[in-house]
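User: I'd like a close look at one small part of this model, please. Could you walk me through the salt bridges?

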Amino acid sequence: MLNYYNHSVKDSVIDLKSDPETGLSSKEVLHRRKKYGENNLNIQTTPLWKKLIEPFTDLFMLILLIALILSIFQKSWTEVIVISINIALDIGVFYIQRFSTERILNSLKEKTIQKITALRNGKEVEIDASELVPGDIVILHEGDRIPADGRIITESGLLTNEAMLTGESESIAKDAKAISGKKKVYEQRNMVFSGSFVITGNSKILVTATGDNTEYGKIASLASSAIFTSPIQEKINKLVVRIATIILIVAVAVLIIQLVDKIPFYEATEFTLAMIVSAVPEDLPIVTAIILAIGAVRLAKRNALIKELRAIQSIGIVSTIASDKTGTLTENRLSLRDFWNPKTDSKAKKNNESFYKVVSESAIPFDAATDPLDLAIWNYIKDEEPHLLDSKPLKTYAFDQTLKTSGNLFEDKTGKLHLVIKGAPETIFSMCESMKKTDRERAESELESFSNKGFKVIALASANINHEINELTRLTKNDKFKFEGLIAIADTVRAGVVDAIKQADTAGVKVKMVTGDHAQTAFAIGRELGLCKDFSEVLDCSKLGDIPDSDLEDRVRAASIFARVTPEDKFRILSIIKKSEIVAMTGDGVNDVPALTNAHIGIAMGDAPSIVQDAGDMVLLDNNFANIVSAMKEGRVILANIRRMLVYLLATNAGEVIITLAALLISGVQILLPIQILWINMVTDTLMVIPIGLEPPEREFMSQKPEPKNSPILSKVLISRMVVMSATMAIITLAIYYFASSHFSHEESNSLAFTAMVVVQWANALSVRGTYESIFKRMKVRNPLFILSFIAAITLQCLVMFGPLSVLTKTVPVKPVALIITIAISFFVPLIVCEIHKKLVKP
């Protein structure tokens, strides 16, 4: 296929066997539709069967399924019921979240059919955009969404917005002239692209590509090309593998010890399997799913829609946010930011009223304005001089490609004609021949100052003419123009974004801006956002080919702003950053799709096309960048609570395994009955672990720096604390049992050991409320559910020791003094040990 931008209109038409005057025949259209298909995108989606089996591919879920099979083999029906309920609830939460999110996203997708004007059989006809084929001739008008890629045949004042493809927010002037050399999309001025919009003017185009073959389609096809496990899931999987390995080693050791003690093989195997099941923290998946679902609901109330629950976990460890500029950090809405009136250097309103009038007269009438530049002018005038909104020109002149100007003609009460134009400064300067050298030097100085700030600069001029003209090219040298001044235009920064960036910086998270804009424009916006201070922090990606591969990684890591970025550049930049950082990428255009799928967390905007939303893990329904920081906060809180739950549950399970193994080695007896271990795992742990998972954050949680990318889910500090707590639990339980066995019966000693184990869990639950803060500080933090659960756990334990539930757990009455001493030791000793650990072992 030709690079049509390199070829003339005539050559392009010949190559596609079309006719710019008559278009294609109906017969030829049918033939080409069979060859090229409909003008629709065929994006690969996840099939239903994959969605259904997805929760079963989780490594922890596989461990639970193995535990379920072992329980069935043992005929431990209570365990079977409990594990089955956990699995069912976990899967249920996953399906509800997944399909409810898809339903919301589907409701956001466009359901309207786009109609366009095409030439068929020599006549202009209105057809569905999906019916277009390569070679069709299409008529484009102001406001149209361009339905396919096309070579411009003719145009009149054509300006398009290609931000959806290129990320460049400025309107692009188009023409039909052939271009030499290889050009990137944003340099192909004689081409229009599917998904972009006509801002002003009209055009006749030759369709060169449809559907998946368009630039839009090529980018969209990358939406599902990057598949990888989330960073948090990788960390959890590594932990699960280690837990499974340890359980397997201990199980083999326990089996061997029993066989050496001449315990029958069947009994030894049954006991070993029971120990394996008890060592699995089966509550963790469902409790994690519940707190993630609660977090997703909280974020949804802030207009942040989580497509997959694990995304909340991952965003909690994000260390870099690579954000698209247009539509995310900015509103994709131009605003008049500054001006220079040569008559006065003052910005005071009273000194510029006549200049405001000239500015308003340079724009397309207020009620007909569609060009972002004209809208920016009117929004400014509306605030400063609203009475000027009603100015009505005699004639309006659309943007002229040759002169690079547009304007309005006015007629006063005496019949005199007054023309006001706006356009490129160099063009306006050349038209103002009477402009003094000193005045031009001053104007050029102001132009340079505005340009250095990254503003798009427009010059204004006026002239009294003696006759009405049909177009600006009819102007003659007799029409003497007077230079009126300069206006500076720039994209508008979204409200709240600057504060959100500051919060991210406080949390140690770097924000990098990625845009298709020119380097100077990108620098100005970046400086306004507080992302950079010096131009050296800007990397112009149009020059990436000039940077040696050995230097590129260092340049990418050092840069805060990436300018003139193509979709391929975004993908490459993110791949480099991902090597050392956990990256979240935001985007609202099709040009962002490859980067969204390549990022650890892809964040799409609510008004983005459906393929962009499909590529993201999270959708910001209100396009508010500040909600990313809210999601980051939520993620950090949830991740901290998952770690609390892991320490709590694993300490219990490890303590049970140590007790079982030590008792076998010391006396060859079981000091805790299987039903008692089941009670601890299913009742005490379940009651306490949910409120632990909903614990409010510690005071300085958002000032902590992100952890290194390859750090484990549990730090050395938390692992050492878990080991200390499980060892303390085992020592206390074993000591109480063997001390009591010398004074009381085996049943009474068992009851005291069981009580000790439960009470240690209460102390453990209180301790883990604070990862770094002491229990005394955490007691002041409100968590009503924790208090209710704590009271419920105590009540149930009283029923076990003194009430009807004692039959279930096979406990017997014990002397009150022995019980009080057991409770006191089991409660206060673990608390003291944990507080000493917090003081001595710092993160």
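How many residues apart are Glu28 and Arg32 in helix α2?

Analyst: Happy to help! This is a predicted model, in which local features need pLDDT of at least 70 and side-chain atom pairs count only at pLDDT 80 or more, while totals for chains, interfaces and linings use all residues. Numbering starts from 1 along each chain as its sequence is written, and side-chain values use heavy atoms, leaving out hydrogens and water.

Glu28 and Arg32 are 4 residues apart in helix α2 (residues 26-36), so about one helical turn separates them. Helices here are DSSP runs (H or I, at least four residues), as are strands (E, at least two), numbered from the N terminus. The two side chains form a salt bridge at 2.7 Å, N to O; the term means a side-chain nitrogen of Lys or Arg within 4 Å of a carboxyl oxygen of Asp or Glu. Glu28 is partly exposed at 27% relative accessibility, whereas Arg32 is buried at 7%. Buried means under 20% relative accessible area, exposed over 50%, and partly exposed in between (1.4 Å probe, protein chains only).

Now to the strands. Lys115 and Asp128 also meet in a salt bridge, at 2.6 Å, N to O. This pair links distant parts of the chain, with Lys115 in strand β1 (residues 115-120) and Asp128 in strand β2 (residues 123-128), 13 residues apart. Lys115 is partly exposed at 48%, while Asp128 is buried at 17%.

Strand β1 also holds Arg120, 16 residues from Asp136 in the loop between β2 and β3 (137-140). Their side chains meet in a salt bridge of 2.8 Å, N to O, and both residues are buried. Across the whole structure, the search finds 23 salt bridges.
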